[in-house]
Amino acid sequence: MGIEQAHRHYVGGGFVAGKGTRFTVTNPSDGSDFAAVTGVSGDQIGYAIAAARTAFDDGPWPAMPAMDRAACLRAMIAWLNGNRQRIEDILVAEAGVVRTSAVRAGQLDLPLKHATDLIDLFLKLPEVEDNPLPLGERFTGSTTVQSFRRYEPIGVVVAISAYNFPFVISIWKVISALIAGNCVILRPSPLTPLSSLILGEAAEAAALPPGVFNVLAEASSDGAILLGTDPAIDMISFTGSTLVGQQVARQAVGTMKRVQLELGGKSAQIYLPDAAGLAGTAGNRACVPHSGQVCVAGTRIFVPQEAKPEILVTIADMLSGVVIGPADDPKTVMGPLINDDAVQRCEDFVKIAVDAGARVVCGGTRPPRPTRGHYFAPTILDLDDMTNPAARAEIFGPIACVIGYRDIDHAVAMANDTAYGLSGHVFGKDVQAAVDVACRLRTGTVNVNGSALSAFASGGGRRLSGVGRERGIEGLRIFQEVKCVNVVS
């Protein structure tokens with residue numbers, strides 16, 4: 001139990017000890033159990049729902065001026081900034097975030113910046129907007145008609161975050177919902193709960209009104225099911241697998257809750273002919289950051305067919321020097337997967353892919369070292385086309401597929417030949433040509449010649465990658481109801 005942590009749930013404006021099942025949090029770098037959490041019971045989840053419902057229906061938070069809510073949330077963020085080292089230590093230990101990698105900044109620095117940016121963006125949004133009635137409808141005889149839209153908080157929001165980026169996902173959901181005037185119940189993944197439980201301490205330090213923010217952890221999904229079906233909950237914001245997201249949607253439909261779902265992905269990297277020389281970095285982009293446990297990773301790499309043999313050699317050479325090791329080792333470039341189930345899934349998919357005709361260019365196995373922990377070597381599969389199962393399923397590990405294309409139309413057709421639609425990447429020296437390809441991809445986000453992640457730009461999926469958006473104007477408005485008001489005078 002190496003990290004000092006209260007492991008207490010925050011409900012109704014105070015800390016409570018769990019009365020449910022006790023579970024351990026495992027360090028994926030060495031497989032050791034380093035912390036224990038006693039999860040909440042069903043009764044405690046019910047109490048959290050009641051506390052949030054009362055806080056929204058009878059408390060000051062929804063009616064509070066947005067500037068006052070912002071002041072409370074900025075105090076919360078200031079506390080988190082003052083505890084950065086503690087949060088970093090938790091992320092390294094529970095999620096396997098490599099301390100010396102760029103991913104560490106994305107897991108800690110970025111969400112704290114985004115928290116402030118989301119508040120600033122919300123404060124610039126109008127609370128009331130005019131409806132564009134034509135003049136003939138505004139003035140009829142002796143009467144005048146005014147019509148406007150008013151944005152109001154939706155109510156009690158349940159936020160369910162994923163294990164791969166636990167802190168940043170929780171921050172996006174919690175800050176966006178709270179600044180919009182909602183009350184929130186945060187339920188983190190039981191694999192990485194500690195970086196979310198610490199938000200309760202931040203709320204306590206910022207003196208948020210009781211019940212406005214609640215965070216509770218559990219060992220199973222029983223509480224999540226209760227939160228998803230209880231009529232006192234108005235909205236669920238979920239990030240995770242497509243399979244679980246579908247279950248969340250089914251649970252929500254009984255009471256017609258609003259849902260925002262960011263689910264799986266099988267994103268494409270397309271290298272146009274004039275950028276084929278850049279494709280050698282494609283394997284590193286897809287496999288190395290957080291060991292491929294990134295929903296927007298470009299795990300389908302499309303390159304010109306004639307350049308494919310040379311590109312495969314370059315990709316393999318670049319991945320051969322990647323140092324795999326514990327997240328806390330300063331020499332480590334690529335860290336562990338979350339648990340052994342994730343490693344086994346990678347092994348299984350490599351076998352399935354090879355049986356279906358794929359060639360393993362590099363990797364494909366657990367590395368010989370480290371001998372403890374959950375590791376899989378960065379793996380490149382050479383595929384002939386999109387029929388291979390490895391090109392169709394989200395593996396969620398350091399495995400990428402390289403497929404050759406005949407021409408741009410062929411590349412776009414293969415990129416769109418997927419049930420997912422979360423993200424995408426296009427590389428081209430001719431920027432206009434690259435943008436033209438980007439506009440043809442059926443996906444929620446496309447990055448041209450690089451990636452950018454801003455609180456001011458939303459992200460979200462299509463088809464099996466989910467519904468709704470996070471961040472940006474759309475990601476804030478989704479936590480609001482629109483009321484149309486018509487006034488005749």
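## Exercises: cavities, buried glutamates and cysteines

By class, 6 nonpolar, 4 polar and 2 charged residues make up the lining of the second largest cavity. The model used throughout is predicted.

**Exercise 1. Find which residues line the second largest cavity, and which of them are charged.**

Step 1. List the lining. It consists of Gly265, Lys266, Gly292, Val294, Cys295, Ala297, Thr299, Glu394, Ile395, Phe396, Gly397 and Ile399.

Step 2. Apply the classes. Lys and Glu count as charged, so the 2 charged residues of this lining are Lys266 and Glu394.

Step 3. Add the volume. About 80 Å³ of space lies in this second largest cavity.

**Exercise 2. Describe the largest cavity by volume and lining.**

Step 1. Start with the count. The structure holds 3 cavities of 30 Å³ or more.

Step 2. Take the volume. The largest cavity has about 100 Å³.

Step 3. Look at the walls. The lining has 16 residues, and Arg300, Ala415, Thr418, Ser423 and Thr443 lie nearest the centre.

Step 4. Sort the lining by class. It divides into 5 nonpolar, 7 polar and 4 charged residues.

**Exercise 3. Decide whether Glu262 is buried or exposed, then place it in the fold.**

Step 1. Read the accessibility. Glu262 has 10% relative accessibility. Buried means under 20%, so Glu262 counts as buried.

Step 2. Locate the residue. Glu262 lies in strand 12, residues 258-262.

Step 3. List the contacts. Leaving out residues up to four places away in sequence, Glu262 touches Phe238, Thr239, Gly240, Cys295, Leu422, Ser465 and Glu470. Cys295 also belongs to the lining of the second largest cavity.

Step 4. Check the record. An unreviewed UniProt entry annotates Glu262 as "active site".

**Exercise 4. Do the same for Glu88: buried or exposed?**

Step 1. Glu88 has 7% relative accessibility, so it counts as buried.

Step 2. Glu88 sits in helix 3, residues 84-95.

Step 3. Beyond residues up to four places away in sequence, Glu88 touches Arg99, Arg104 and Leu108.

**Exercise 5. Work out how many disulfides the model has, and test Cys287 and Cys401.**

Step 1. Set the cut-off. A disulfide needs two cysteine sulfur atoms within 2.5 Å.

Step 2. Give the count. It comes to 0 disulfides.

Step 3. Test Cys287. The nearest cysteine sulfur, that of Cys362, is 7.3 Å away, and Cys287 is in no disulfide.

Step 4. Test Cys401. Its nearest cysteine sulfur is that of Cys287, 9.2 Å away, and Cys401 is in no disulfide.

Step 5. Check exposure. Cys287 is buried, with a relative accessible area of 0%. Cys401 is buried too, at 0%.

Notes: Residues numbered from 1 in each chain as written. Predicted model: local features only at pLDDT ≥ 70, side-chain atom pairs only at ≥ 80, totals over all residues. Heavy atoms only, no water. 1 Å grid on protein atoms, 1.4 Å probe; cavity = no way out; pocket = protein on both sides within 12 Å on 5 of 7 lines; lining within 4 Å. Points joined across faces, edges and corners; volume = space filled by probe spheres on them. Helix = DSSP H or I, 4+ residues; strand = E, 2+ residues; numbered from the N terminus. Buried < 20%, exposed > 50% of the residue type's maximum accessible area, 1.4 Å probe, protein only. Contact = heavy atoms within 4.5 Å. UniProt positions renumbered as here; feature names shortened; annotations may be inferred.
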